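Dear colleague,

I am passing on the structure that follows, together with an account of what was found in it. Please read the notes below with the coordinates open beside them.

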Amino acid sequence: MPAIVGVGYSGFNANTPDLSWKEIMYEAAVRAYEDAGIDPRKDVDSFITCAEDFYEGFAIFDEFVPDQLGAVLKPTCTVCADFLYGLATAYMQIESGLAEIAVVEAHSKASDIKTFGEVIRHAMDPIWLKGVTNAHPYYLAALEMSYYMNKYCITQEAIAEVVVKNKRNALLNDSAPYGAKLTVEYALKSPFVFYPMRKIEIAERADGAIVFVVASDEMARKITDSPVWIKGVGWWSETSNYDIMSFEARYAYKSAKMAYRMAGIENPSKEIDIAEIDDRFAFKEIQHIVALQLAGKYDVCDLMSEGYFARNGSLPVNVSGGNLGVGNLLEATGGQKALEIVIQLRGEAGRRQVDCEIGVAQAWRYIPTASGAVAVFGV
Amino acid sequence: MAVGRKKISCPPYAEGTALSERDISERRVTIFEDHPNLVYSWTAGQAMSRFLNELKNGKLIATKCEKCGRIIFPPRIYCELCYKPIDGWVYVKDTGTVQTFSISYIDPDARPLEKPVIVAVIAVDGASPNMGIMHILGEVEPEKVYIGMRVKAVWKPENEREGAITDIKYWKPWRDEND
Ligand SMILES: [Zn+2]
């Protein structure tokens, strides 16, 4: 099976006034190639970038990527989705024999976007949804949260625990700009900006880039002693209609099932040692833990309070700090999550190292979507 | 290789029923209109920031790669062919040679322009071959433009420059002193 043989990243920062998006891509790519010990001009067969044009601010984004990746006059394509979809694309290109070494890139230059709420609104169905209100579209996440909390008796305290846990985890991650030592009481004083959602539960945006070098089984064994295997990938979409989507992260449940089946994982809560999952709104971590079958929906709040998902707990979730600690990295979100799993599986996580052999990374395509992807990694 | 003015012809009619401006403004057809407020401010970065600041000085700056020997214009902080950081900065001239050009008669909405616009790709003197700038030509009749024509930048007055590519108003025909 294909393996990760090199990783590199740039960031993550609340703002990056000194470097353009091309320059942060270059920085991340140079590090990944050095880590893998390869020359992109000679050794790479395929380059895959993941981007959404409206996050970039200009059209046909893929035309602008070859130079800074070392991909001039090479096969290059862009997937309009999260990094994990790009990883799945690399997996398929390698397994089909099209490439032996493929590179996957995603970045966020969120600080370049001046009207983020309007960009998100622009993703809503223009006839059916967008014109209903000009309120900031974070209410879309709050609608889902309201439904989910009520249906499964999710407490405000449990959601506050997610914020406290992830921001504290981020204090051990030098690349996480939003770390903080908070208490549940403090988090519960944060104002409701989109009832029932509090301001502190919404991940701030961040800049950064992630590049992975992926190699075939044979090639991976040749070029590294420490490959991290891609055991499974999955992706799934519900529907774009807010009136019929499940509000229970079915996209995450189904994409995880697809990835678990490939990886031969039958009991995720027992077999998975570490998880990095999408927490761009704090309640999403709880919803995604359940969807990834890492805990039961009626147990998840108690487990959260008991520290089960803490860095030193039985199943650490978002040891990196998650999006609440690292930031909302737009389409690079899944990249940061996969990066943390790879670093942890290699035993290179330093002060935040967790004992692990199997890890899962999951990303959602953010509001207004019910789509997402999952990857399972192992050593 | 002087090129004359091209005649653009449109068919006298098209099949079907055309929509008029009034059909839309009076909502005689079902339409949905939206004006998204999408605002960005792109970080120019190391290479482009220096380039834009030099424009204010009326200068064009490039970077160089000592491995392949190229003078890279417009500048970037990496050589995309050698895939390594650049080795330094070097000024290039504000003169060059037209590589290709187009005489454009209509705007993006297909309305005729008052005056045709001559868009050209100019290889800049001092930069490596085939490196240069896409810009517009001025002080020249469209039928006088040719590939291989020598041109020079016409800059805005210094106090009007703002560090934008439009600090160069246009490029005009130019004869080398030693021609
Ligand atoms: Zn070079």
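To begin with one enclosed space, the second largest cavity is lined by E144(A), E238(A), M245(A), S246(A), F247(A), A249(A), Y251(A), K284(A), W364(A), T369(A) and A370(A). By class, this lining divides into six nonpolar, two polar and three charged residues, and the space within the second largest cavity comes to about 30 Å³.

Please keep in mind throughout that this is a predicted model. The predictor assigns the complex an ipTM of 0.91 and a pTM of 0.93, while chain B has a mean pLDDT of 90, with 91% of its residues reaching 70 or more.

The cavities

Two cavities of 30 Å³ or more are present in the structure, and the largest of them holds about 80 Å³ of space. Its lining is made up of W21(A), Y55(A), E56(A), H107(A), S108(A), K109(A), A110(A), D112(A), L330(A) and E331(A), together with W42(B). Two elements, α3 (53-56) and β4 (101-109) of chain A, give two or more residues each to the lining of the largest cavity, and β4(A) gives the most, with three residues. Sorted by class, the lining of the largest cavity contains five nonpolar, two polar and four charged residues.

The pockets

The largest pocket encloses about 760 Å³ of space. It is lined by 23 residues, of which W21(A), K22(A), F64(A), A44(B) and M48(B) are the closest to its centre. W21(A) is therefore worth locating on your display, as a name that appears in the lining of the largest cavity and also among the residues closest to the centre of the largest pocket. At least two residues of the lining of the largest pocket come from each of α1 (21-36) and α4 (66-69) of chain A and α2 (45-56) of chain B, with α2(B) giving the most, namely four residues. The lining of the largest pocket divides into 15 nonpolar, three polar and five charged residues.

The second largest pocket holds about 360 Å³ of space. This pocket is also lined by 23 residues, and those closest to its centre are A123(A), R365(A), I367(A), P368(A) and T369(A). T369(A), listed here beside the centre of the pocket, also belongs to the lining of the second largest cavity. The elements that give two or more residues to the lining of the second largest pocket are α3 and α6 (116-121) of chain A, and by class this lining has eleven nonpolar, seven polar and five charged residues.

The zinc site

Which atoms coordinate the zinc ion? The donors are the SG atoms of C65(B), C68(B), C79(B) and C82(B), at 2.2 to 2.3 Å. The arrangement is tetrahedral because the four donor atoms subtend angles of 106 to 114° around the zinc ion. Along the chain, the donors follow the spacing C-x2-C-x10-C-x2-C. Within this set, C68(B) and C79(B) link distant parts of the chain, since C68(B) sits in the loop between β1 (60-64) and β2 (71-72) of chain B and C79(B) lies in strand β3 (residues 78-79) of chain B, eleven residues apart.

Are C68(B) and C79(B) buried or exposed? C68(B) counts as partly exposed because its relative accessibility is 34%, whereas C79(B), at 0% relative accessibility, counts as buried.

With best regards

Key: Residues numbered from 1 in each chain as written. Chains lettered and ligands numbered in written order. Predicted model: local features only at pLDDT ≥ 70, side-chain atom pairs only at ≥ 80, totals over all residues. Heavy atoms only, no water. 1 Å grid on protein atoms, 1.4 Å probe; cavity = no way out; pocket = protein on both sides within 12 Å on 5 of 7 lines; lining within 4 Å. Points joined across faces, edges and corners; volume = space filled by probe spheres on them. Nonpolar A, V, L, I, M, F, W, Y, C, P; charged D, E, K, R; others polar. pLDDT = per-residue confidence, 0-100. Donors = N, O, S within 2.8 Å, 3.2 Å for Na, K, Ca; no water. Tetrahedral: all angles 85-135°; square planar, octahedral: opposite > 155°, others 65-115°. Buried < 20%, exposed > 50% of the residue type's maximum accessible area, 1.4 Å probe, protein only.
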